[in-house]
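I opened the notebook today to look for empty space inside this protein. Here is what I looked up, entry by entry.

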Amino acid sequence: MRLAPLSRAAVVAASTLLALTSATSAQAASPTGPLPPANPYAGPLGTASMHGDTASSDATPLPGPAAGTLSSHRTALQSACPTVLVGADGYPVALCTTIFGRTPTVHLLDPATGDSLAELALTKGSLLGGVYAYLDHQDRLVAVDGNRDLLRVAHRRTASGGWELYVASRLSLAGAVPDGDAVTGVAPDWDGRVWFATGKGVVGTADDRTGTVRSLALPAGEQVANSISTVPAGTAVSTTHATYLLTAASDGTPRISWRKTYERGPGRKPGQLSWGTGSTPTFFGPGSGTEYLTVVDNAAPTVNLLVYRVNDGSLVCSVPVLRAGGSGSENSPVAVGNSVFIASTYGYPYPQLPEGAGESVPASGAFAGGLSRVDVRADGTGCDLKWDNRVRSAAVPRLSTADGKLRTVLREPVIPGTTSTSALDPYHYAEIDPQTGAVTRTKWLGSGFVFDTLQMVGSIAPGEVVLQGTTTGVLRITAG
């Protein structure tokens, strides 16, 4: 039996009652500032990567659905779809993992309906091998398959007028990626090389124009469980022990510019996928959009937002966050200008963990939710917590600089006011005022496992469309 949807008023009221904003929230200005520079070897700013751009800002210059009523449509793909990107041609490309067989599969989606126009299965690898990818400047999906091959997957019309996906180029990384290891994250630099990082701590560059592959092993025992980020100053990688800024020698060999350890706590927290930071490192700043780099540590009981200066790795601030709800995050921070937003995943019931994730400490935890905003002071002397609440975000939020809204999906409990989760939980698309943290508009999406957004990122596509991956496909949310 499908549960009746909660009313918009009930959802907003519940979220408002849970909000525990700080005394300075009224003075927190709306976030302003430049987006990071567009990478010449990546697709459009805001839709080129899982986190919007190669700096992983999770911000976009595109506006979301306009005011008024909202509608949603689900494209059932029998796959979890964490990565939904949109190229310059306007066609969404989704990298999904099938429910049965866990096979990474690329889908080309109809921009008008969200339906699948073509699909291409890739060789199966690690769990995270079907997660992180990006679109290049020719609208090709760049990913590494289970054979440790760097692929560029393109799409084209067929003679019959349909569509097909095909592998346009292939470069083996087997010489740099050892047997039993797998690539976790990929991103292009400003010279056209593809940077990659593996689960067991190898970072490297690959130039598929020349076939050159160079690599560097990070200290033993350090693993990479999230994606990587690039800006003109270098490439950021966070391992289970430290955050790095790397550059490349003239032949492409990675070099460490700086390394900063962080508090990793006594173990993996419930609602996280590894023991360490859950962050893909995020570049941001009020000038170039890349002056700062931020991650969330794994300190217990309360995690901290760490902000570093990119030029030398010096620490700007360490601010306790997610104090009102569950203090732990598997999500990358969202950042623009001087403002950073962090969503809690503490206690989120992931149906599957990566191999070697280990037991959590503590063994279990409730999904209380939580969302925090931290601003770097204008003079760069430190940071301030602007607000902190218990919004139960079930996705990585996305910030639009065009309309000034944060967007996410809420996972509400079947029994209002509790922190329980179940297979019958309802899910709501939500818009949040970044100035106060208040939920301002919601739309019921559905109830149950098929609508679980599993802390995945939604993309804002051209035409004021939100494309949100779920455990079973992709939701298309529009006005009207």
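**Entry 1: burial and overall form.** I began with burial in this predicted model, and found that buried residues make up 60% of the 480 residues in the protein chain. I counted a residue as buried when its relative accessible area was under 20%. Next I looked up the surface: the protein chain exposes about 16600 Å², and carbon and sulfur atoms supply 54% of that area.

I then asked how the radius of gyration compares with that of a compact globule. For 480 residues the globule value would be near 23 Å, and the protein chain has 20 Å, which agrees. The C-alpha trace spans about 60 × 55 × 40 Å along its principal axes.

**Entry 2: secondary structure and contacts.** How many helices and strands does the protein chain have? I noted one helix and 34 strands. For the contacts, I took pairs of residues at least 6 apart in sequence, and 56% of these contacts join residues at least 24 apart.

**Entry 3: searching for cavities.** Rolling a probe the size of a water molecule over the atoms shows where empty space is left. With a cut-off of 30 Å³ or more, I got four cavities. I followed up on the largest and the second largest.

**Entry 4: the largest cavity.** This one holds about 100 Å³ of space. I found 14 residues in its lining, and those nearest its centre are Ser49, Ser56, Val186, Ser227 and Ile228. Which strand gives the most to this lining? My note says strand S11, residues 183–188, with three residues. By class, the lining of the largest cavity divides into eight nonpolar residues, five polar and one charged.

**Entry 5: the second largest cavity.** I have its volume down as about 60 Å³. If you want to find it in the viewer, the residues that line it are Val396, Arg398, Arg407, Thr408, Val409, Tyr429, Gly458, Ile460, Val466 and Gln468. Three strands give two or more residues each to this lining: S29 (405–411), S32 (456–461) and S33 (465–469). S29 has the largest share, with three residues.

I closed with the classes here too: the lining of the second largest cavity has five nonpolar, three polar and two charged residues.

Terms used: Residues numbered from 1 in each chain as written. Predicted model: local features only at pLDDT ≥ 70, side-chain atom pairs only at ≥ 80, totals over all residues. Heavy atoms only, no water. 1 Å grid on protein atoms, 1.4 Å probe; cavity = no way out; pocket = protein on both sides within 12 Å on 5 of 7 lines; lining within 4 Å. Points joined across faces, edges and corners; volume = space filled by probe spheres on them. Helix = DSSP H or I, 4+ residues; strand = E, 2+ residues; numbered from the N terminus. Nonpolar A, V, L, I, M, F, W, Y, C, P; charged D, E, K, R; others polar. Rg over C-alpha atoms; globule rule 2.2 N^0.38 Å. Buried < 20%, exposed > 50% of the residue type's maximum accessible area, 1.4 Å probe, protein only. Contact = heavy atoms within 4.5 Å. Areas by Shrake-Rupley, 256 points an atom, 1.4 Å probe, with all protein chains shown as cover.
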